[in-house]
Every structure is written in structure tokens, then in C-alpha cells.
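Subject: The structure I promised you

Hi,

Here is the structure we talked about, with some notes to read alongside it. Open it up in your viewer and follow along as you go.

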Amino acid sequence: MDSFSKIQMTVLSMFSTNGRGRRREIHFADRVFYYLLKAIGVGILLLCASLIIFLYKAAEPAIAEFGWDFFITNEWDPEAQEYGALAFIWGTVVSSFIALLISVPVSVGAALFLTELSPKWLKAPVGFLVEMLAAIPSVVYGLWGIFLLAPFVRDYIQPILGNGFGFLPFFQGPPLGVGMLTAGIILAIMITPTITAISREVFRSIPDLLREGALALGATRWEMIKVAVLKTGVSGIVGAVILGLGRALGETMAVAMVIGNRAEISLSVFEPAATMASVIANEYAEANDDIDLASLAAVGFALFFVSLIINTIARFIIWRVESKSKG
Amino acid sequence: MQVKTSKASKTTTAANSLESDNSESKTILTIRDLNAYFGDFHAVKNVNMDVDANEVVALIGPSGCGKSTYIRTLNRLHEEIDGATVSGEVVLNGENIYAGHADPVSIRTKVGMVFQKPNPFPSMTIFDNVVAGLKLAGIRKRSVLEETVERCLKQAALWDEVKDKLKEPGMSLSGGQQQRLCIARTLAVNPPVVLMDEPTSALDPISTSKIEELITELKTQVTVIIVTHNMQQASRISDRTAFFYLGELIEYDETKQIFMDPKEDRTERYISGRFG
């Protein structure tokens, strides 16, 4: 208790002194409010730290057993007690990448349409519908994927891609319907509302003065969008893409329903695959011994780190872009 | 480049004739029965005005009298606002910019505009801001771009301050420098007419006087139409002054005439500060 109040005093003096070290008077209510917010802030940090620690503890038996090989081998056979997570890391990264490839142009295009081109009467309903897409539970997307998207991909998209681009390793393989491509498409649909809604806010926050500046220099509408809107909003767009990507990396249910769940690494997007999230969801209930559970926790640990790395890279991109445009 | 020199020499002659005899100077803009609307709101009413080449025309009047709306019709920027419409004629060098076949994009390269607040493009360096209009016009040759940057920044009296940091972001400059950067950007596409919408209202007195000097110097090359709330500014820099009130052009005459002996009672009352 004594040491606690000491810490409290230190914290208080950190907060309440100015450069000369003189104590500033703080109103009692302000002090209560300050500690309340501080407690919330520290609480979030503690929560995050305990999550990492817990995850690592749970995964420790598997990491102790298989070492770092766990993350760079792709044999996943619980029967034979062989565990390697590389196929799931591959599945998560590739399915999210396909999702971004499809979703980013569509989302940015939709946001540009809503802010720059759409007639007034269309803005509200289209904007509302886009946001509605984000409210649909992922299991519903999964059902829709199984009953509608997978047959559609099998009957139309895969034959077309296979016939046209079958010489590429990405488009070889059996037209099963379920697989990496279908999962990527489902993810694309699920992250589009997020990216669209945030990009729209980014474009809205760009002052009209910049648009008029571009028009006054003789820009066409498209040139104005390029010069004044896209270039100005690029860090905001990257931020929107990160949030979408975060959802794609962690999405579980819909992906588990359409990806085919096979722990294999294949270049073909037609082949069934599995992601880190989908394998945890699929196998957790059936895991029957300690090493099995620990391996799944280790997969969760890997998912956490892959998300962290990708987010860090994206933050770095934003930082680079922003430091280039601000003095 | 040859075209430019010949134009410059022609405008110099025009400037000389303006000084010697005003009645013989060349009319560059003829505005006839111009009306501008925001939806049902009639913001500019039946304006007729002639502007001579190489003169500075100041538009004065109380806030909301339609002067800004009016100059935005002169480069067809007004119609970019939802629900905004225009009727009437604006003839620039013999060509009606509101004719059915007229292309707003090419008109805006001939009628440049400087805005109330500086608006350099945040994603671009000082260099790229100046040549933004040239790049839009498809000019990419490095030597041309470099030559233009130096010429326009010198014209905008900014060269000495930024010549060593052309690669830095335009936003890193002070407000007054940003506004001169925007003037340089406008001049880079060689527009015969430059519109200025209260270009100094967001600036400190020193930046303001720099920009006023600049406008006086620019007169040899371009025609300037400037909206201002500052009566002293209008009397300092303009050759002719137009007084707007409630969307109408009340009086348009030599600046001296307007400030010394206006014909209209409303002009006199506004200038002497009795209303508005």
C-alpha cells in the first residue's frame, strides 16, 4: 500500500509539474477523471500483454516439442502427432492477399463514386447498403458462399480462368468450387464495406478547396480526382486497407466454410487450403490431447504475429507517405 | 515558346497603350447579361462588364453580394457546385466560354484562379506544385519544367526564399509563401486572365503587401480580376473598380472615380463605411 501511494505520487507529480518543476493546482474532479482515463489506458495495455503471455504459455508445450520447425514445416497430422503450421500461415496470407486484390480497387472506386461522382439522391441509399454489408454475420456469408458462390466459382469462374490462363500455375487444378479462390472472394466481399466506408470518410475530409484548385488549373474530373483526392488521401486509404486486412486475416467462420480445409501448400488458387483461423475453429472441439491443444494455441500465436508484422509494415507505409507530404 | 514571346510582346504593347490612352486598349473580357444561381437563389443578377487586357479590376461590396460567385462564373467553376447554374455570355478574346461547344477544362487553363486560402497540393513538393498545371497539360520535358519553375517562382517573388528547397513539401511553407506558390502555380500555365478571390484575406500585412506588389508587376503580362474586402487594397492596386450590392453590379468605373466621386449614392455610402 505504501509503495503504491508512492507510485501514485510520482505519477501525479509527472502529470502536474511544468518545466520548472512547480506544482500546478489540479481540480479534484479533473484528477479523478485523469486517473479514470489513465486506468482505462493502462488496462488496455495489461489486457494486451496478458493475452500474449497467455497465448505463449498455452503454446509452449508445442513450441518446446517441435521448436521453430513448427512454423516452417507444413505436415499437419494429429493422428501421427505431426504438427507444422506453415500451410495455415500460407493459407491466411494468400487468401487475404486475394481478398485485397479484389476488394481494394472495388472499395476505393465505390468510395470515389460516393464522394465525387454520385448524384445526391443516390449517395445516402448506396452508402447505407454498403455499410449494411458490414453488419451481416460471417456465418451467413459462409452459408451464402457454400450454396451460391462455390457452385458459381466452380461452374463459371474456374473454367474461364482455367481455359484462359491455365498455363499459369495459379489457375491449374480441379474445379472443386471450394478452395483458396472462393475464400478470397468471400473475404473480399466481407472487407469491402470496411474499406469503402473509411475511404469515403477520408475523401470527404479533403477540402473542396483542393478540388477547385485542381479544376482551376485545367484538370478534367478524373485528373482532379487523381491529383487532389487520391494523392492527398493515400495515407488514409492505406489505413482503411489495414483495417480491412485485419478483418481478412482473422476471419474464421466464413473462410472455414468455403476454403476446403486441407493443410497443403499449393500455388493453384483452385486447390482447397486452410487458414490459421479456420484450422483452430475446425479442430479445437476435437482436440483430445495436450500437444494437440498446444499446437492449436501455437497456430493462434502465429496468427497474432503475422497480423502484427503486416500491421507494422502498413503503419510504416503510412508514416513514409505522411512524412513525405508534411514539412 | 515562340508563341509565348509574341504574346508577351503584344501584351507589353497593350500595356503601353493602356498607359497612354485608356480608350484604345484592347478588351479581353466582355460579360453580357450574366446571371448566376444556386438552385432558386439568384446570386448574380444581369451583370454587364468589359475588362481591358492588362488591367487590374477590383470587385468590392459587402459579404454575400455575389462578387465571389461572379468571378467563379468567369472560369466556369461556379457550375461545379451542386445545383449551381449560369446564364448569359462571357466572351474571352472573342470566344464565348458559355457557348455549347466550349470546353470548361481548356477555358480554365486560360483563366487562372487564386483562392481565398492558399491551397497547394499537400502530396506535392514545391517544384511539383508549380508545374502541376503543366503536367496536366501533358508537358513532361524536364528542361521546360525547370525553366517554368524558376520563371514563375521569380514572378511570384518566391524564388529567393525557396530555390534551395524545391524538393520540400509545399505545405512546409508559411501561409504567405503558400499563397505566392499558388500564384506561381497559376502563372505556370500562362493564362491571359487571372482571377483572385480575396487572395490576401488569410495573410499577415507583410505577405499582403508582397502580394499586392506582385499583382502590380503581373499587370504587364496578365489581366487580374480581384475580389477584395479591403478598400485600401482596391484603391492601391486596381485600375478599375466594380461595386457589387445584393448580386447587382451597381457601379463600374475608373478606381479614382469610384473612390473620389462615385456616381451612385450606394457606392459612396459603402466606400465611406456607412453601410455594408
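First, a term you'll need: a residue counts as buried if 20 or more other C-beta atoms lie within 10 Å of its own C-beta. Also keep in mind that this is a predicted model.

Chain A to start with. Buried residues make up 37% of its 327 residues. How many helices and strands does chain A have? There are twelve helices and zero strands, so to speak a long run of α after α when you read along the sequence. The C-alpha trace of chain A spans about 75 × 65 × 35 Å along its principal axes. Of the contacts in chain A with a separation of 6 or more, 74% are between residues 24 or more positions apart.

One helix pair in chain A deserves a look. Two packed helices are described by the angle between their axes and the distance between the axes. For α7(A) (residues 180–204) and α9(A) (residues 221–250), the angle is about 150° and the axes are 8 Å apart. Their crossing is right-handed. On the α7(A) side, the residues that meet α9(A) include A:Leu187, A:Ile191 and A:Ile198. On the α9(A) side, A:Gly233, A:Gly236 and A:Val241 are among them. Sorted by class, this contact has 13 nonpolar, six polar and one charged residues.

Now over to where the chains touch. 26 residues of chain B are in contact with 20 residues of chain A. On chain B's side, the elements giving two or more residues are α3 (104–110), β6 (111–114) and α5. The most comes from α3(B), with four residues. That side of chain B divides into twelve nonpolar, eight polar and six charged residues.

Next, two helices in chain B. Take α6(B), residues 142–155: at 1.5 Å a residue, its 14 residues should span 20 Å, and its end C-alpha atoms are indeed 20 Å apart. Which residues of α6(B) are buried? They are B:Thr148, B:Val149, B:Cys152 and B:Leu153. Looking down the helix axis, the buried residues of α6(B) fall within an arc of 115°, so they line one face. It helps to remember that an α-helix has 3.6 residues a turn, so residues three or four places apart point the same way. The face turned away from the buried side of α6(B) carries B:Ser143 and B:Glu147, which are exposed. The cover over the buried residues of α6(B) includes α4 (126–130), α5 (132–136), α7 (159–162) and α8 (175–187) of chain B. After α6(B) comes B:Ala157, with a positive phi near 55°.

One of those covering helices, α8(B), is itself mostly covered: twelve of its 13 residues are buried. Charged-looking names turn up in that list too, with B:Arg180 and B:Arg185 among the buried residues. From first C-alpha to last, α8(B) reaches 19 Å, close to the 18 Å expected at 1.5 Å a residue.

Last stop: B:Thr200, in the loop between β7 (193–197) and α9 (205–218) of chain B. Is B:Thr200 buried or exposed? It has 24 other C-beta atoms within 10 Å, so B:Thr200 is buried. Leaving aside neighbours within four places in sequence, B:Thr200 is in contact with B:Thr208 and B:Ile211. B:Gln233 is 33 residues away from B:Thr200 in sequence, but the two are 9.6 Å apart in space, C-alpha to C-alpha.

Cheers

Technical notes
Residues numbered from 1 in each chain as written. Chains lettered and ligands numbered in written order. Predicted model: local features only at pLDDT ≥ 70, side-chain atom pairs only at ≥ 80, totals over all residues. Expected span 1.5 Å × (residues − 1). Arc of directions from axis to C-beta. Contact = placed C-beta atoms within 7 Å. Nonpolar A, V, L, I, M, F, W, Y, C, P; charged D, E, K, R; others polar. Axes fitted to C-alpha atoms, helices over the stretch in contact; angles between N-to-C directions. Left-handed = near helix turned anticlockwise from the far one by under 90°.
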